[in-house]
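The following exercises are to be worked with the sequence and the three-dimensional model at hand. Each task is followed by a solution in steps.

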Amino acid sequence: MDNIKFENGALYILDQTLLPNEEKYIKMNNLKDCYDAIKLLQVRGAPLIGIFAAYSLALFHGNNIEKSKDYLDSARPTAVNLSWATQRILKAHKEGKNLIDEAAAIREEDRKMCRKISEYGLSLLKDGNGILTHCNAGELATSKYGTGLGPIILGHEMGYNFRVFSDETRPLLQGARLTSYELEKHGIDVTLICDSAASLVMKKGLIDAVLVGCDRIAANGDTANKIGTNSVAVLAKYYGIPFYVLGPYSTVDFSAETGSDIIIEERDSQEIKTLYFEKPVALSETKCFNPAFDVTDSSLITAIITDKGIAYPPYKKSLKELLL
């Protein structure tokens, strides 16, 4: 599933805002196109944002690469992979390296990373498990396999039969538009549910594990996830269901001591009231609070699964030990 393409010196993206109804690739012509693609969620998912940003900066850095880097970084401040990837391109520029080759290397490393995350995650699952997902953290958000969906997709390739329940994920509906689309394409058993139905499917005993991706991991193990994830984690804790967060080790931000240090992006209120609706579902004067992420408390997380291995509480110690 090619979510971005680099062909004959040109960069194209699969516009994810049009899925699942239309599969359309659009060409990036300048840095503003790239900024808008990230800001408007045409490109989304922490690993993919990093890959795309690397190609974007490599192609369109102009005369002031540091200024261009800062501009791109401001598109999604919570996604640490964005600034991580642009910093790497900046470093490559200072060292006189081929920037496109560096971006391609980031993409290839992501493929290997996702495979490792998927293998580690699969080791915690059993054939026939019922799995709840929130948001989209599969191949559309990465280079291959994904993070939160990676173990499901890899397991399916290896003959596992999972029953997946996908939260719709309001207000952007990534679970409805993207996760169910992606899993259907793979031939994986998926059932779409409203976010508010998560408790019921857990209570009925249909869920054996929760798998979610993340955009940033604080030093203490608090994680920034799509809004609503912390609520799912609370439910999983109540019902005694393992709650696993999956993400590349590059999303661990040791400069953020706790989740309180993570900047949470707030998006346009119109996404709640008008996006994907023919008519507004609230009055124009009604105030909205529309954070893109919330912080999942480390006390609710069973394990954090990275390409370096699996970390268990206490995370402040175990996350650092993965580097040893």
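**Exercise 1. A helix pair**

How closely do the axes of helix α4 and helix α5 approach, and at what angle do they cross? Identify also the residues that form the contact.

*Solution.* The model is a predicted one.

Step 1. Locate the helices: α4 covers residues 80-94 and α5 covers residues 99-122.

Step 2. Consider the axes. They come within 9 Å and cross at roughly 145°. The crossing of α4 and α5 is right-handed.

Step 3. List the contact residues. On the α4 side these are Trp-84, Ala-85, Arg-88, Ile-89, Ala-92 and His-93. They meet Leu-99, Glu-102, Ala-103, Ala-105, Ile-106 and Glu-109 of α5.

Step 4. Classify them. The contact of α4 with α5 contains eight nonpolar residues, one polar residue and three charged residues.

**Exercise 2. The seven-stranded sheet**

Determine the strand order of the open sheet of seven strands, and state which strands stand at its edges.

*Solution.*

Step 1. Read the order across the sheet: β6-β5-β4-β7-β10-β13-β14, with mixed pairing.

Step 2. Find the edges. β6 (189-193) and β14 (309-311) each have a single partner strand, so one side of each lacks a neighbour in the sheet.

Step 3. Assess the twist. With direction ignored, neighbouring strands of this sheet are turned by 25° against each other on average.

Step 4. Examine one pair. β4 and β5 (residues 163-167) run parallel and are joined by four bridges. Within this pair, Ile-131 has Val-164 of β5 as its bridge partner.

Step 5. Add the packing helix. α9 packs on the sheet and touches β4, β5, β7 and β10 (243-246). The direction of α9 makes about 145° with that of β10.

**Exercise 3. The four-stranded sheet**

In what order do the strands of the open sheet of four strands lie, and which helix packs on this sheet?

*Solution.*

Step 1. The order is β11-β8-β9-β12, and the pairing is mixed.

Step 2. β11 (252-253) and β12 (293-296) are the edge strands, each of which pairs on one side only.

Step 3. Strand β8 (residues 216-218) pairs with β9 in the antiparallel sense over two bridges. Here Ile-217 has Thr-223 in β9 as its bridge partner.

Step 4. The packing helix is α9 (residues 229-239), which touches β9 and β12. Its direction makes about 30° with that of β12.

**Exercise 4. Internal cavities**

How many cavities of 30 Å³ or more are counted? Describe the lining of the largest cavity and of the second largest cavity.

*Solution.*

Step 1. The count comes to two cavities of 30 Å³ or more.

Step 2. The largest cavity has a volume of about 290 Å³. Its lining comprises 26 residues, with Arg-44, Gly-45, Cys-135, Asn-136 and Asp-215 nearest its centre. These 26 residues divide into 13 nonpolar, eight polar and five charged.

Step 3. At least two lining residues of the largest cavity come from each of α2 (46-60), β7 (209-213) and β9 (223-226). The largest share, three residues, is supplied by α2.

Step 4. The second largest cavity has a volume of about 30 Å³. Among its lining residues are Thr-133, His-134, Cys-135, Asn-136, Leu-211 and Val-212. Two or more residues are given to this lining by β4 (130-134) and by β7, and β7 provides the largest share, three residues.

Step 5. By class, the lining of the second largest cavity holds five nonpolar, five polar and no charged residues.

Conventions: Residues are numbered from 1 along each chain as its sequence is written. This is a predicted model: local features need pLDDT of at least 70, side-chain atom pairs count only at pLDDT 80 or more; totals for chains, interfaces and linings use all residues. Side-chain values use heavy atoms; hydrogens and water are left out. On a 1 Å grid over the protein atoms alone, a cavity is a set of points where a 1.4 Å probe fits but cannot get out, and a pocket is an open set with protein on both sides within 12 Å along at least five of seven lines; lining residues have an atom within 4 Å of a point. Grid points are joined across faces, edges and corners, and a volume is the space filled by probe spheres set on the points. Ala, Val, Leu, Ile, Met, Phe, Trp, Tyr, Cys and Pro count as nonpolar, Asp, Glu, Lys and Arg as charged, and the others, Gly among them, as polar. Axes are lines fitted to C-alpha atoms, for helices over the stretch in contact, and angles run from 0 to 180 degrees between N-to-C directions. A crossing is left-handed if the near helix is turned anticlockwise from the far one by less than a right angle, and right-handed if clockwise. Contact means heavy atoms within 4.5 Å. Two strands pair if DSSP finds at least two bridges between them.
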